[in-house]
Amino acid sequence: MTIDKNGAVQSYIVEDFTASYYDVEELRNSVLEDISYVNEQHEQTAIELTKYEVVEGVLKAIIEYQNADVYEDFNEETLYVGLWDEALDEGYDVTAEMENDNYRIVIFSEPVDVKVPKKIVYVSDGLQKTSSKKVTVTDKEKEIYYIIYE
């Protein structure tokens with residue numbers, strides 16, 4: 001997952017698609033139908049399937065979301081992107097060790113790798129920085145993950 005400087009989210013899907021019961025077009029149509037439904041609810045294009053292909057038995061797809069709220073609605077997973085103090089106001093359990101009103105925070109429940117637009121200054125247990133802007137999940141059993149970045 002990638003989060004851009006404006007809070008838009010890109011989700012990358014790479015899955016084995018070699019089983020004989022998989023139908024590429026059926027899955028694509030199902031995803032597009034779900035996207036259409038969410039876009040109708042938002043009365044705009046809030047989600048877009050920007051890539052969908054199967055090459056040598058591997059499905060590769062990219063879904064772009066207008067913001068974290070749309071991602072949450074579509075995937076039924078927690079995703080918050082905002083300022084630390086706003087996360088506290090929203091009811092997220094952010095600890096004092098994370099406190100900095102100038103930093104942005106990503107709170108998420110899905111065990112996926114995440115890239116943020118600026119330098120990461122803190123990651124919660126269950127995450128490991130792989131570069132100054134990327135993390136990978138090291139403990140998939142955690143219920144929630146935190147990234148704080150500049």
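Me: Leaving out residues up to four places away in sequence, which residues does Ser-11 touch?
Reply: Bear in mind that this is a predicted model. Ser-11 sits in strand E2, and at 12% relative accessibility it counts as buried. Once residues up to four places away in sequence are left out, the ones Ser-11 touches are Ala-61, Ile-62, Ile-63, Tyr-65 and Tyr-71.

Me: Is Tyr-71 buried or exposed?
Reply: Tyr-71 is one of the residues that Ser-11 touches. The cut-off for buried is under 20% relative accessible area. Tyr-71 comes in at 2%, so the word for it is buried.

Me: Which residues of helix H2 are buried along with Tyr-71?
Reply: Helix H2 covers residues 68-75. Its buried residues span an arc of only 160° around the axis, which means they share one side of H2. Besides Tyr-71, the buried ones are Ala-68 and Val-70.

Me: Which elements do the buried residues of H2 pack against?
Reply: The buried side chains to think about here belong to Ala-68, Val-70 and Tyr-71. One helix is among their partners, namely H1 (24-42). The strands they pack against are E2 (9-16), E3 (47-55), E4 (58-65) and E5 (79-83), so the full list reads E2, H1, E3, E4 and E5.

Me: What caps the N-terminal end of H2?
Reply: Look for a side-chain oxygen by the backbone nitrogen of Asp-69. There is one at 3.1 Å from that nitrogen. The residue that supplies this oxygen, and so caps the helix by a polar contact within 3.5 Å, is Asn-67.

Me: And which residue with a positive phi follows H2?
Reply: H2 itself takes in residues 68-75. The residue that follows has a phi near 50°. That residue is Glu-76.

Me: How are the rings of Tyr-65 and Tyr-71 arranged?
Reply: The structure holds 4 aromatic pairs. For Tyr-65 and Tyr-71, the ring centres are 4.9 Å apart and the planes meet at 70°. Planes over 60 degrees apart get their own label, so this pair is edge-to-face.

Me: Which residues do ring pairs link into a cluster with Tyr-65?
Reply: Tyr-65 is buried, at a relative accessible area of 3%. With Phe-74, Tyr-65 makes a ring pair whose centres are 6.0 Å apart and whose planes are at 55°, so that one is tilted. Ring pairs thus link Tyr-65 into a cluster with Tyr-71 and Phe-74.

Me: Which element gives the most residues to the lining of the largest pocket?
Reply: That pocket has about 400 Å³ of space and a lining of 19 residues. Ser-11, Tyr-12, Ile-13, Val-14 and Glu-15 lie nearest its centre. Two or more lining residues come from each of E2, H1, E3, E4 and H2. With 5 residues, the element that gives the most is E2.

Me: How far apart are the C-alpha atoms of Ile-63 and Glu-26?
Reply: Ile-63 belongs to strand E4 and is buried at 6% relative accessibility. Its contacts beyond four places in sequence include Ser-11, Val-31, Leu-49 and Phe-74. Glu-26 is 37 residues away along the chain from Ile-63, and the C-alpha separation is 17 Å.

Me: Leaving aside neighbours within four places in sequence, which residues is Arg-28 in contact with?
Reply: Arg-28 is in helix H1 and is partly exposed, with a relative accessible area of 31%. Lys-142 lies 30 Å from it, C-alpha to C-alpha, and 114 residues away in sequence. Once neighbours within four places are set aside, the contacts of Arg-28 are Leu-49 and Tyr-52.

Me: At what distance does the side chain of Ser-109 reach the backbone nitrogen of Thr-78?
Reply: Ser-109 lies in the loop between strand E6 (104-108) and strand E7 (114-115), and it is buried at 14% relative accessible area. Beyond four places in sequence, its contacts include Glu-143, Ile-144 and Tyr-145. Its side chain also makes a polar contact of 2.8 Å with the side chain of Glu-77. To the backbone nitrogen of Thr-78, the side chain of Ser-109 reaches at 2.9 Å.

How values were computed: Residues are numbered from 1 along each chain as its sequence is written. This is a predicted model: local features need pLDDT of at least 70, side-chain atom pairs count only at pLDDT 80 or more; totals for chains, interfaces and linings use all residues. Side-chain values use heavy atoms; hydrogens and water are left out. Buried means under 20% relative accessible area, exposed over 50%, partly exposed in between (1.4 Å probe, protein chains only). Helices (H or I, at least four residues) and strands (E, at least two) are DSSP runs, numbered from the N terminus. The arc is that of the directions from the helix axis to the C-beta atoms. Contact means heavy atoms within 4.5 Å. A polar contact is a pair of N or O atoms within 3.5 Å; within protein, one must be able to donate a hydrogen and the other to accept it, and residues adjacent in sequence count only if both atoms are side-chain atoms. Rings of Phe, Tyr and Trp (its six-membered ring) pair if their centres lie within 6.5 Å; planes under 30 degrees apart count as stacked, over 60 as edge-to-face and the rest as tilted. On a 1 Å grid over the protein atoms alone, a cavity is a set of points where a 1.4 Å probe fits but cannot get out, and a pocket is an open set with protein on both sides within 12 Å along at least five of seven lines; lining residues have an atom within 4 Å of a point. Grid points are joined across faces, edges and corners, and a volume is the space filled by probe spheres set on the points.
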